Amino acid sequence: MKLYSYFRSSAAYRVRIALNLKGLAYEMTAVHLVKDGGHNKRPEFRAINPQMRVPALVTEAGDVLIQSLAIIDYLDETHPNPPLLPKDPIARAKCRALAQIVACDIHPLNNVAPLRYLKNQMGQEQSAIDAWYHHWVIAGFEALEAMMEPGPYACGAEVTLADICLVPQIYNARRLKVPMDKFPKIAGVDAACLKLEAFDTARPENQPDAE
Ligand SMILES: N[C@@H](CCC(=O)N[C@@H](CS)C(=O)NCC(=O)O)C(=O)O
């Protein structure tokens with residue numbers, strides 16, 4: 001399989017963790033999201049992903065999959081062990097809710113494209129953009145902190161999709177200097193996950209395109 005990735009992309013980071021948890025080898029092609037206005041905007045990458053975002057995964061059969069949650073579902077369906085969701089339907093729904101707070105509510109507001117739009121099209125100062133970023137991360141993290149009972153992972157004793165989404169978002173939050181002292185449970189989940197090789201290997205700083 002081939003993964004189109006960027007070391008700092010938290011959506012690509014999710015897929016790297018899932019591939020590692022499943023023990024799947026993959027080839028990585030780096031797509032620089034910042035240089036020259038973003039190599040993701042080049043026609044050759046647009047031909048792979050019309051949305052011009054990472055991640056994109058090319059399967060062994062040559063199918064191109066995009067959207068990290070769809071890719072992770074595909075990996076879980078085709079390689080069920082270890083499972084990335086609890087078996088019990090209520091526990092699954094709760095676990096998906098944690099993952100979706102990150103993937104659907106926090107991340108889309110703080111992604112490269114909307115932040116760039118705030119700057120270039122809306123003429124916002126960097127300080128206002130940073131305040132926007134912090135606001136949405138903190139709102140999401142407050143909900144997550146109230147909902148989680150780490151044990152030691154976000155949904156209990158097993159690593160799940162919630163951890164896969166949470167750890168990259170925490171990396172981003174720390175990079176953008178969001179204060180984490182109000183979120184001890186979230187920080188605990190992060191520490192527990194980063195002890196695992198699958199998470200450690202997927203870290204941005206451990207990628208071949210890291211800067
Ligand atoms: N919902 C998508 C988000 C993908 C996404 O927005 N990726 C970002 C990096 S984290 C990207 O490629 N941004 C480039 C751009 O918007 O120009 C997913 O989960 O895969």
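## Notes on the ligand site and a few backbone oddities

1. Pro 82 turns up in the loop that runs between helix H3 (68-78) and helix H4 (89-106). The peptide bond that ties Asn 81 to Pro 82 is cis, with omega about -5°. Keep in mind as you read on that this is a predicted model, so every number below is computed from predicted coordinates.

2. There is another cis bond to look at. Val 54 and Pro 55 are linked by a cis peptide, and omega there is about 10°. Pro 55 belongs to the loop between helix H2 (43-46) and strand S3 (56-58). Val 54 is also one of the residues that come nearest to the ligand, so if you're checking the pocket by eye, you'll pass this bond anyway. As background, most peptide bonds are trans.

3. Now for phi. Met 52 isn't a glycine, yet its phi is positive, about 60°. Met 52 sits in the loop between H2 and S3, the loop that holds Pro 55. Is Met 52 buried or exposed? Its relative accessible area is 17%, and because the cut-off for buried is under 20%, Met 52 counts as buried.

4. Gln 67 is the other non-glycine to flag here: its phi is positive too, at about 75°. You'll find Gln 67 in the loop between strand S4 (64-66) and H3. With a relative accessible area of 46%, Gln 67 is partly exposed, because that class runs between 20% and 50%. For context, most residues other than glycine have a negative phi.

5. Which residues come nearest to the ligand? There are 15 residues around the ligand, and the nearest are Arg 53, Val 54, Gln 67, Ser 68 and Asn 111. Sorted by class, that shell has seven polar, five nonpolar and three charged residues. Helix H1 (residues 10-21) gives the largest share of the shell, with three residues.

6. On to the polar contacts with the ligand. A polar atom in the Gln 67 side chain is 2.7 Å from a ligand nitrogen, so the residue with the positive phi of about 75° also touches the ligand through its side chain. Two arginines deal with ligand oxygen: for Arg 53, a side-chain N or O atom is 2.9 Å from a ligand oxygen atom, and for Arg 14 the corresponding distance is 3.3 Å. On its own the ligand exposes 510 Å², of which the protein buries 92%. As for where it's housed, the ligand sits in the largest pocket.

7. Helix H1 is worth a second look. Ala 11 is in H1 and counts as buried, at 9% relative accessibility. Ala 11 also has a partner far along the chain: Pro 168 is 157 residues away in sequence, but the C-alpha to C-alpha distance is 7.7 Å.

8. Helix H7 (residues 161-175) contains Asn 172. How is the Asn 172 side chain joined to that of Ser 10? The two side chains make a polar contact of 3.3 Å. Asn 172 has a relative accessible area of 10%, so it's buried. Ser 10 falls at the start of the range given for H1, residues 10-21, so this contact links H7 with H1, under the 3.5 Å limit for a polar contact.

Conventions
Residues are numbered from 1 along each chain as its sequence is written. This is a predicted model: local features need pLDDT of at least 70, side-chain atom pairs count only at pLDDT 80 or more; totals for chains, interfaces and linings use all residues. Side-chain values use heavy atoms; hydrogens and water are left out. A residue is near a molecule or strand if one of its heavy atoms lies within 4 Å of it. A polar contact is a pair of N or O atoms within 3.5 Å; within protein, one must be able to donate a hydrogen and the other to accept it, and residues adjacent in sequence count only if both atoms are side-chain atoms. Accessible areas come from the Shrake-Rupley method with a 1.4 Å probe; for residues, only the protein chains shown count as cover. On a 1 Å grid over the protein atoms alone, a cavity is a set of points where a 1.4 Å probe fits but cannot get out, and a pocket is an open set with protein on both sides within 12 Å along at least five of seven lines; lining residues have an atom within 4 Å of a point. A molecule sits in a cavity or pocket if more than half of its atoms lie within 2 Å of its grid points. Helices (H or I, at least four residues) and strands (E, at least two) are DSSP runs, numbered from the N terminus. Ala, Val, Leu, Ile, Met, Phe, Trp, Tyr, Cys and Pro count as nonpolar, Asp, Glu, Lys and Arg as charged, and the others, Gly among them, as polar. Buried means under 20% relative accessible area, exposed over 50%, partly exposed in between (1.4 Å probe, protein chains only).
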